[in-house]
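User: I'm new to this structure and would like a close look at one part of it, with the surroundings explained as you go. Could you walk me through it in one go?

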Amino acid sequence: MPNLPRPRLRRATRVRGVAEVAQGPAEPRVEIIEHDGLRWINIERPGPVEQGWLEEHFDFHPLDYEDIRSRNQRPKIDDYDDYLFIVLHFPVFDKQIGRLNGQELDIFMGPDYLITLPNAPLQPVEYLFERCRTNEEFREQMFSKGPGYLLYKIVDDSFDYCFPMLRKIGGKLERLEEEIFLGRGDDVVRDLSNTKQEIINFRKVIRPQRPVLNDLERAKQKFLGDDLDVYFDDVVDASERIWDMLENYKEVVEALEDTNESLISHRLNNVLRVLTSISVVILPLTLIASIWGMNVKVPGEGSIHAFWVIMGVMLAVLVSLLLFFRRRGWL
């Protein structure tokens, strides 16, 4: 990577350790928290105005600014001489479409600053930023260990936010399993499909980030320090636990889908077997009735006794076929 000049940041006015850039119709929506010489700059949903502000105050690589403007970046980490550029994705439930999607979080980290640029509201980042803004003791705790620890808390909280969603998916699978074995297989087909789609989307978000977290662990020496090894190992462990749970859920939902299809097929086969048996039983009776119903002379025509004889023969044939099918296990 080329050697770039260190970022230059135009400092905002301090207010008890918290600084904010004024917001107005033509002003960028930039929030800044500053404590002990460390700045956390949060720009949610950066638009052209916010990107212009960022380019004015920082000399990052042009490709990084291009990645910020893009909405289809894969998770990655770029290691420069003066800063790290990190792209991560986290699962978020989109209420508009009723589906789980991945939202991007771009991060710049230098020796004395951390910049977060979520493309959509990320609740863990919002909650952590608000706590740092309003709680001086918590802000001291987060900022006193440098930008590496602050980065760890952001990533760790974002991964921890995944576990409630995973538990919700696990609860859905348990409920679907109960409904399947209660004989409601036809009603849960759509729910099974939706749950399977959620797991697939979750896997799409988590899988590309596993090598990125390993790269981050190798790149941590520059700004993170050896004393944070155990923290980022914990992040990698959390990511692996999430992946293991997704692998397990994937196997469970596929097994439930196969079981449901088998039960539906079994019930359908039973219905077809009964209908086929009824058709076979009725067939000889229909044949007898058709023969004696022809418009030609037949034995016993016009005799009431012949009618009862024919009815008795038909009843005997019916009972014999039912007993035969019953003995063979077809009914």
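Analyst: Tyrosine 152 is buried, because its relative accessible area is 8%, and the cut-off for buried is under 20%. Keep in mind that this is a predicted model. Tyrosine 152 sits in helix 5, which covers residues 147-160. What does tyrosine 152 touch, once its neighbours within four places in sequence are left aside? The contacts are Tyr231, Phe232, Asp234 and Val235. Take tyrosine 231: along the sequence it is 79 residues from tyrosine 152, yet their C-alpha atoms are 6.9 Å apart in space.

Those partners lead us to helix 9, since that helix spans residues 229-292. Let's stay with helix 9 for a while. Serine 239 is part of it, and serine 239 is buried too, with just 1% relative accessible area. Not counting residues up to four places away in sequence, serine 239 touches Phe159, Ile206, Arg210 and Leu213.

Now for the helices that pack against helix 9. One is helix 6, residues 162-181. The two axes come within 11 Å of each other and cross at roughly 15°. Angles under 35 degrees count as roughly parallel, so helix 6 and helix 9 are roughly parallel to each other. Helix 6 passes helix 9 in a left-handed crossing. On the helix 6 side, the residues making this contact are Cys162, Phe163, Leu166, Arg167, Ile169, Gly170, Leu173, Glu177, Ile180 and Phe181. Helix 9 answers with a list that includes Ala238, Arg241, Ile242, Met245, Leu246 and Tyr249, and also Leu256 and Leu263. Sorted by class, the contact between helix 6 and helix 9 has 16 nonpolar, 3 polar and 3 charged residues.

Another packing partner is helix 7, residues 189-206. Here the axes are 10 Å apart, and the angle is about 155°. An angle over 145 degrees counts as roughly antiparallel, which means helix 7 is roughly antiparallel to helix 9. The crossing of helix 7 and helix 9 is again a left-handed one. In this contact you'll find 12 nonpolar, 2 polar and 6 charged residues.

So what sits in the middle of things? The largest nonpolar core has 55 residues, and the ones with the most contacts inside it are Trp40, Leu151, Phe202 and Ile242. Which helix gives the most to this core? That's helix 9, with 9 residues. Phenylalanine 202 is a good place to see how pieces of the chain come together. Beyond residues up to four places away in sequence, phenylalanine 202 touches Pro91, Leu100, Cys162, Met165, Leu166, Ile169, Ile242 and Leu246. Among these, Cys162, Leu166 and Ile169 also belong to the helix 6 side of its contact with helix 9, while Ile242 and Leu246 belong to the helix 9 side. There is also a second, separate core of 18 residues, which includes Phe58, Ile68, Tyr83 and Val87.

Away from the helix packing, some loops deserve a look. Asparagine 119 is in the loop between strand 7 (113-118) and helix 3 (123-134). At 11% relative accessibility, asparagine 119 counts as buried. Setting aside residues up to four places away in sequence, asparagine 119 touches Arg45, Pro46, Ser70, Arg71, Glu104 and Asp106. From asparagine 119 to arginine 71 is 48 residues in sequence, but 7.9 Å in space from C-alpha to C-alpha.

One of those partners, arginine 45, has its own quirk. Most residues other than glycine have a negative phi. Arginine 45, however, has a positive phi of about 50° although it is not a glycine. You'll find arginine 45 in the loop between strand 3 and helix 1 (48-57), and it is partly exposed, with a relative accessible area of 46%. Aspartate 36 also has a positive phi, near 55°. Aspartate 36 lies in the loop between strand 2 (31-35) and strand 3 (38-42). Is aspartate 36 buried or exposed? Aspartate 36 counts as exposed, because its relative accessibility is 62%.

Stepping back to the whole chain, there are 10 helices and 7 strands. Buried residues make up 43% of the 331 residues. Among contacts between residues at least 6 apart in sequence, 63% join residues at least 24 apart. The pair we began with, tyrosine 152 and tyrosine 231, is 79 residues apart in sequence.

Technical notes:
Residues are numbered from 1 along each chain as its sequence is written. This is a predicted model: local features need pLDDT of at least 70, side-chain atom pairs count only at pLDDT 80 or more; totals for chains, interfaces and linings use all residues. Side-chain values use heavy atoms; hydrogens and water are left out. Axes are lines fitted to C-alpha atoms, for helices over the stretch in contact, and angles run from 0 to 180 degrees between N-to-C directions. Helices (H or I, at least four residues) and strands (E, at least two) are DSSP runs, numbered from the N terminus. Angles under 35 degrees count as roughly parallel, over 145 as roughly antiparallel, 65 to 115 as roughly perpendicular and the rest as oblique. A crossing is left-handed if the near helix is turned anticlockwise from the far one by less than a right angle, and right-handed if clockwise. Contact means heavy atoms within 4.5 Å. Ala, Val, Leu, Ile, Met, Phe, Trp, Tyr, Cys and Pro count as nonpolar, Asp, Glu, Lys and Arg as charged, and the others, Gly among them, as polar. A nonpolar core is a set of buried Ala, Val, Leu, Ile, Met, Phe, Trp, Tyr and Cys residues joined through side-chain atoms within 4.5 Å. Buried means under 20% relative accessible area, exposed over 50%, partly exposed in between (1.4 Å probe, protein chains only).
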